[in-house]
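Here are my notes on the model, as numbered points. Please read them with the structure open.

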Amino acid sequence: MNPYLLASRESKSTPTIIPVGGCEIGRDFMVIAGPCSVESAEQLFKTAEAVKKAGANFLRGGAFKPRTNPYSFQGLGIEGLKLLAEAREKYALPVVTELLNVEHLEITAHYADIIQIGSRNMQNFELLRAVGKLKKPILLKRGLSARLEEFLSAAEYILSSGNPNVILCERGIRTFETATRNTLDLSIIPLVKELSHLPIIVDPSHASGKASLVKPLSHAAKAVGAHGLIIEVHPNPKEALSDGEQSLDLAQFSELMLSF
Ligand code: PEP
Ligand code: MN
């Protein structure tokens with residue numbers, strides 16, 4: 001038996017299209033943009049206003065952050081979710097935010113339009129089953145060292161629990177190469193489109209770890225057929241509380257959008 005039957009073209013030959021916030025994910029090329037972490041109302045609103053103006057379709061922002069080190073900024077938590085909800089109304093941008101654990105499922109689902117499951121939780125099977133009970137779209141990021149079969153099997157957990165609205169995200173994997181934060185595995189984009197009906201987008205920010213690489217990798221992602229991008233943007237990357245080195249400033253983001 002195919003280990004990811006529901007995610008495969010065998011069970012569904014037509015591409016999955018997920019309508020959310022006026023966008024048809026899987027059909028339109030869509031862009032999610034915003035800060036790695038929600039830091040303050042000013043930071044979030046400034047970013048939201050700029051990315052909306054530049055043509056982004058969704059606002060991203062982490063309220064609960066999965067940080068490698070316990071002393072790093074952990075996010076504003078529920079206050080961050082509330083700021084995202086405010087930005088959503090103010091700038092007419094649907095919101096994508098990460099869910100770290102089952103405990104925060106209800107409140108995150110209340111505020112988010114798309115729930116992100118981060119790389120570090122790609123194989124948190126309990127969490128995958130829990131979001132599988134929702135109907136909200138789930139943005140599932142590829143695990144740090146996950147093979148494609150493991151990635152699609154993680155999607156299968158969500159699908160087999162009853163939620164058909166899964167968007168995959170390639171965000172780079174660990175390889176021997178340390179010149180970039182991760183190695184962007186662009187070859188899985190056309191391969192996933194052969195094997196699966198699910199939409200797949202690319203995160204050039206976490207893949208490269210370097211703002212200057214975001215634009216060329218974004219164009220490469222589009223060229224290989226990705227259904228969209230998720231990009232980190234900050235009004236002042238040097239002062240960012242997380243992932244400043246890979247964040248575009250507002251002008252760089254606007255320039256990127258004009259280049260498509
Ligand atoms: C993020 O989107 O900020 C994030 C933590 O991503 P990933 O899970 O891909 O590392
Ligand atoms: Mn980040």
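1. Cys 36 and Asp 243 are both buried in this predicted model. The two residues are also protein donors of the manganese ion (ligand 2).

2. The protein donors of that manganese ion (ligand 2) are Cys 36 through SG, His 206 through NE2, Glu 232 through OE and Asp 243 through OD. They lie 2.0 to 2.4 Å from the ion. Along the chain, the donors follow the spacing C-x169-H-x25-E-x10-D. Cys 36 and Asp 243 link distant parts of the chain, 207 residues apart. Cys 36 belongs to the loop between strand S3 (30–34) and helix H1 (41–54), and Asp 243 to the loop between strand S10 (228–232) and helix H9 (250–258).

3. The largest pocket has a volume of about 260 Å³. It is lined by 19 residues, and those closest to its centre are Pro 66, Arg 120, Arg 181, His 206 and Asp 243. Two of these, His 206 and Asp 243, also appear among the manganese donors. By class, the lining has nine charged, eight polar and two nonpolar residues.

4. Which residues of strand S7 (residues 138–141) lie on each side, and are they buried or exposed? Ile 138 and Leu 140 are on one side, Leu 139 and Lys 141 on the other, and all are buried. Both faces of S7 are thus covered, with Lys 141 included among the buried residues.

5. S7 pairs with strand S6 (residues 114–117) in the parallel sense, over three bridges. Within this pairing, Leu 140 in S7 stands opposite Ile 117. The connection runs through helix H4 (residues 125–131): S6, H4 and S7 form a right-handed β-α-β unit.

6. S7 also runs parallel to strand S8 (residues 166–170), joined to it by four bridges. Leu 140 has Leu 168 as its bridge partner in S8. From S7 the chain passes through helix H5 (residues 148–160) to reach S8, in a right-handed β-α-β crossover.

7. In S8, five of its five residues are buried. Val 166, Leu 168 and Glu 170 point one way, whereas Ile 167 and Cys 169 point the other way. Glu 170 is therefore a charged residue by class that is buried in this strand.

8. Strand S9 (residues 200–202) pairs with S8 in the parallel sense over three bridges. Val 202 in S9 is the bridge partner of Glu 170. The crossover from S8 to S9 goes through helix H6 (residues 188–195) and is a right-handed β-α-β crossover.

How values were computed:
Residues are numbered from 1 along each chain as its sequence is written. Chains are lettered from A and ligands numbered from 1 in the order in which they are written. This is a predicted model: local features need pLDDT of at least 70, side-chain atom pairs count only at pLDDT 80 or more; totals for chains, interfaces and linings use all residues. Side-chain values use heavy atoms; hydrogens and water are left out. Buried means under 20% relative accessible area, exposed over 50%, partly exposed in between (1.4 Å probe, protein chains only). Helices (H or I, at least four residues) and strands (E, at least two) are DSSP runs, numbered from the N terminus. Two strands pair if DSSP finds at least two bridges between them. A crossover is right-handed if, with the strands pointing away from the viewer, the path from the first strand over the helix to the second runs clockwise. Donors are N, O and S atoms within 2.8 Å of the metal (3.2 Å for Na, K and Ca); water is not among the atoms, so sites may look incomplete. On a 1 Å grid over the protein atoms alone, a cavity is a set of points where a 1.4 Å probe fits but cannot get out, and a pocket is an open set with protein on both sides within 12 Å along at least five of seven lines; lining residues have an atom within 4 Å of a point. Grid points are joined across faces, edges and corners, and a volume is the space filled by probe spheres set on the points.
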